[in-house]
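Thanks for coming, everyone. I have one model to show, and I'll keep it brief. Let's put it on the screen.

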Amino acid sequence: MTEQKVRWGILATGGMAATFTADLVDMPDAEVVAVASRSVESAKTFADRFGIPRAYGDWETLAADDGLDVVYVATPHAAHRAAAGMMLEAGHHVLCEKPFTLNVREAAELVTAARDGGRFLMEAMWMYCHPMVRRLKALVADGAIGEVRHVQADFGLAGPFPATHRLRDPALGGGALLDLGVYPVSFAQLLLGEPSDVVARATLSEEGVDLQTGALLSWENGALASVHCSIVGGTATSASVTGSKGRIDVPEGFFFPERFVLHRDGRDAEEFAADPADGPRASLKHEAAEVMRALRAGETESPVVPLDGTLAVMRTLDAIRDRVGVRYPGEDADPDRAAATRA
């Protein structure tokens, strides 16, 4: 795979799949060769839109296609475990959309399947692959603001979303936390690792999903993170990282920033801006490029989006949901999850 194009299969035909595929077909070292949906009509429409040669009306046929190098899973996240698991069991490498799964038990099952089978697996946490986020992380790691003391991040949409919307449906993993809160939590853990304690509060809908959630994460070294997500109020999607010797402010769109400002004690503020050569700030090409780099290098995990980090984020999301009382169908009967989130 070092010289030839990487052959992609796309599983699902919704908005996220279309956005990713639009970026993918623009990359000279990538080739989208197949797409699958629950409906053959939907698959064919998607294939015609993007010039994809093979369209399937079921997942099984995509899984049986031996002309693929990697499958991008963009189903609703309640189906990630089944969809990604099927592709891994068929011997395919997988890039799976965020949130990775509904809970850490499902996530651990996928990670085990990938590691046991020697297959590449990565969560599509495009924020981690974004050049500006990687630059911010490098500055923090190099001690630009000293020891991190506090991280703040928020992500909220104004809505309103009707009760029939997927974001309000428990069977689809609805609520603000998994769709939006995964970004603030992942941002905090990118810089601080997995927290040692979680406190959370939420406003729940009649259906039992979180309309908005706030959480305070803490670490044994004294660091804190304040994270918030909402589907009933649009937020600034801002973030800040405060250290012992300064602060970094991301004024908007922290998960795909166009700029951020570094404040160092005793110095003038420094603004860091995105390089136009990196393409549009909302481009998903960076995560696709990381997958293809890893595949060509023979890696089964990405150091940029490591599986252990994905599992750690899922543990935190489980803990937050446990604190606020959000359960999805079938979870109450899962003793492993109950024990883990109450520990």
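One definition before we start. Axes here are lines fitted to C-alpha atoms, for helices over the stretch in contact, and angles between N-to-C directions run from 0 to 180 degrees. Keep in mind that this is a predicted model.

Helix packing, then. Two packed helices are described by the angle between their axes and the distance between the axes. Our pair is α7, residues 131-141, and α8. They pack at about 35°, and their axes lie 10 Å apart. The crossing of α7 past α8 is right-handed. Who makes the contact? From α7, it is V133, L136, K137 and V140. From α8, it is F187, L190 and L191. By class, that contact has 6 nonpolar residues, 1 charged and no polar.

Stay with α8, residues 176-192, because the definition of contact, heavy atoms within 4.5 Å, matters here too. Helix α8 lies across four strands: β7, β9, β10 and β11. Against β7, α8 runs at about 160°.

That takes us to the sheet. Strands of a sheet pair through backbone hydrogen bonds, either parallel or antiparallel. Here we have an open sheet of 8 strands with mixed pairing. Reading across, the order is β8-β9-β10-β7-β11-β12-β13-β14. Which strands sit at the edges? They are β8, 197-204, and β14, 270-273, and each pairs on one side only. On average, neighbouring strands are turned by 10° against each other, direction ignored.

Now two pairings in detail. Strand β7, residues 148-156, pairs antiparallel with β11, residues 239-243, over 5 bridges. One position to click on: H150, whose bridge partner in β11 is T242.

At the β8 edge, β8 and β9 also run antiparallel, joined by 8 bridges. Click on R201 there; its bridge partner in β9 is G214. The hairpin of these two strands has 5 residues between them. Within that hairpin, G208 takes a positive phi near 100°.

Last stop, helix α9, residues 285-296. It has 12 residues. From first C-alpha to last, α9 reaches 16 Å, close to the 16 Å expected at 1.5 Å a residue. Which of its residues are buried? They are H286, E287, A288, E290, V291, M292, A294 and L295. An α-helix has 3.6 residues a turn, so residues three or four places apart point the same way. Just after α9 comes G298, with a positive phi of about 75°.

That's my tour. Questions, please.

Note on methods: Residues numbered from 1 in each chain as written. Predicted model: local features only at pLDDT ≥ 70, side-chain atom pairs only at ≥ 80, totals over all residues. Heavy atoms only, no water. Pairing = 2+ DSSP bridges. Expected span 1.5 Å × (residues − 1). Buried < 20%, exposed > 50% of the residue type's maximum accessible area, 1.4 Å probe, protein only. Left-handed = near helix turned anticlockwise from the far one by under 90°. Nonpolar A, V, L, I, M, F, W, Y, C, P; charged D, E, K, R; others polar.
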